[in-house]
Amino acid sequence: MRPVGMRRIGLSALLALGVGVSGAARADAPPMPLAQGPLSHTDLAAAQRGFLVYQGVCASCHTMNALHYRDLERLGLTPAEAGGIAAAATPPATLDSRLKGAGKVDFGGAVPPDLSTIAAQRKGGARYIYDFLTGYVPAPDGVTLRPGHYYNTAFPGGQVAMPPALHDNAVKYADGTPATTRQEAADVATFLAWSADPNLTARHEIGLRAVLFFIFLSFVALGAKRRIWRERT
Ligand code: HEC
């Protein structure tokens with residue numbers, strides 16, 4: 001009787017934990033996972049949407065100098081599509097041009113950083129970028145904003161010179177995904193994580209294959225060891 005009771009308690013504790021975890025899911029949580037585990041891969045559809053957000057919203061202030069329009073082919077776009085995007089940019093560009101954005105913007109001394117590898121430069125990566133883009137709130141009581149600054153819960157110190165950039169329907173997605181602020185933030189965060197580490201998917205695939213190969217190799221070694229010792233005795 002007792003073990004059953006114990007097991008029941010264990011089970012309900014687990015269930016409670018599960019409910020607790022899902023119940024604790026924050027209302028401002030990203031609409032899709034942004035953490036990068038050892039087996040994660042780049043969600044290419046999200047990264048393509050994220051490029052659209054960058055191009056339509058962020059590029060007016062931020063450059064992405066490490067990227068060329070040709071690199072968009074690695075996101076799954078055809079050369080013709082990437083070429084079309086380059087040709088439609090202002091000023092018109094080619095596949096070999098860098099993603100320059102509008103150029104220098106002055107924000108009272110604060111310079112919009114180049115976004116090519118920003119996801120690697122900030123602790124928390126894509127998740128930080130998501131929290132930053134969705135972190136704008138009115139300044140709390142007792143906080144006086146410096147001129148030209150906005151309050152952002154994710155930004156160290158709270159006061160940032162970048163105005164809130166995203167709002168619902170800031171872009172129109174070709175794949176029909178509703179362009180909510182959170183979706184746009186998650187997509188552009190995915191795109192920036194990709195640009196900071198474009199080989200992540202390939203690297204994780206190679207890693208997985210290597211692990212499988214070594215497991216296979218251990219069995220071969222174990223078999224050989226058994227055979228050798230059987231023959232000797
Ligand atoms: C109107 C101009 C403007 C637009 C549009 C804009 N930014 Fe910024 N951004 C800035 C400025 C200025 C800073 C520097 C802020 C500071 O240091 O106080 C900045 C900083 C940042 C940072 C660095 C924050 C940190 O931790 O230091 C990130 C990441 C960022 N922007 C991402 C984006 C993304 C993604 C978009 C598009 C969705 C975007 N920005 C749109 C002006 C802009």
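Let's start with a pair of helices: α5 and α6 cross in a right-handed sense. Their axes come within 8 Å and cross at roughly 145°. Keep in mind that this is a predicted model.

Which residues bring the two helices together? On the α5 side they are Gly 125, Ala 126, Ile 129, Tyr 130 and Leu 133, and they meet Ala 185, Ala 186, Ala 189, Thr 190, Leu 192 and Ala 193 of α6. By class, this contact consists of nine nonpolar and two polar residues, with no charged ones.

Helix α5 also has a part to play at the ligand. Spanning residues 125-133, α5 gives three residues to the shell around the ligand, the largest share. That shell counts 25 residues, and those that come nearest to the ligand are Cys 58, Cys 61, Pro 112, Ala 161 and Met 162. Nonpolar residues number 22 here, next to two polar residues and one charged residue.

Here are the two sites by residue class:

| Site | Nonpolar | Polar | Charged |
|---|---|---|---|
| Contact of α5 with α6 | nine residues | two residues | no residues |
| Shell around the ligand | 22 residues | two residues | one residue |

Now for the protein as a whole. Seven helices and four strands make up its secondary structure, and from the N terminus the order is α-α-β-α-β-α-α-β-β-α-α. How much of the protein is buried? Of its 233 residues, 23% are buried. Finally, if you take the contacts between residues at least 6 apart in sequence, 67% of them join residues at least 24 apart.

Technical notes: Residues are numbered from 1 along each chain as its sequence is written. This is a predicted model: local features need pLDDT of at least 70, side-chain atom pairs count only at pLDDT 80 or more; totals for chains, interfaces and linings use all residues. A residue is near a molecule or strand if its C-beta atom, placed from the backbone, lies within 6 Å of it. Ala, Val, Leu, Ile, Met, Phe, Trp, Tyr, Cys and Pro count as nonpolar, Asp, Glu, Lys and Arg as charged, and the others, Gly among them, as polar. Axes are lines fitted to C-alpha atoms, for helices over the stretch in contact, and angles run from 0 to 180 degrees between N-to-C directions. A crossing is left-handed if the near helix is turned anticlockwise from the far one by less than a right angle, and right-handed if clockwise. Two residues are in contact if their C-beta atoms, placed from the backbone, lie within 7 Å. A residue is buried if 20 or more other C-beta atoms lie within 10 Å of its own, exposed if 12 or fewer, and partly exposed in between; C-beta atoms are placed from the backbone.
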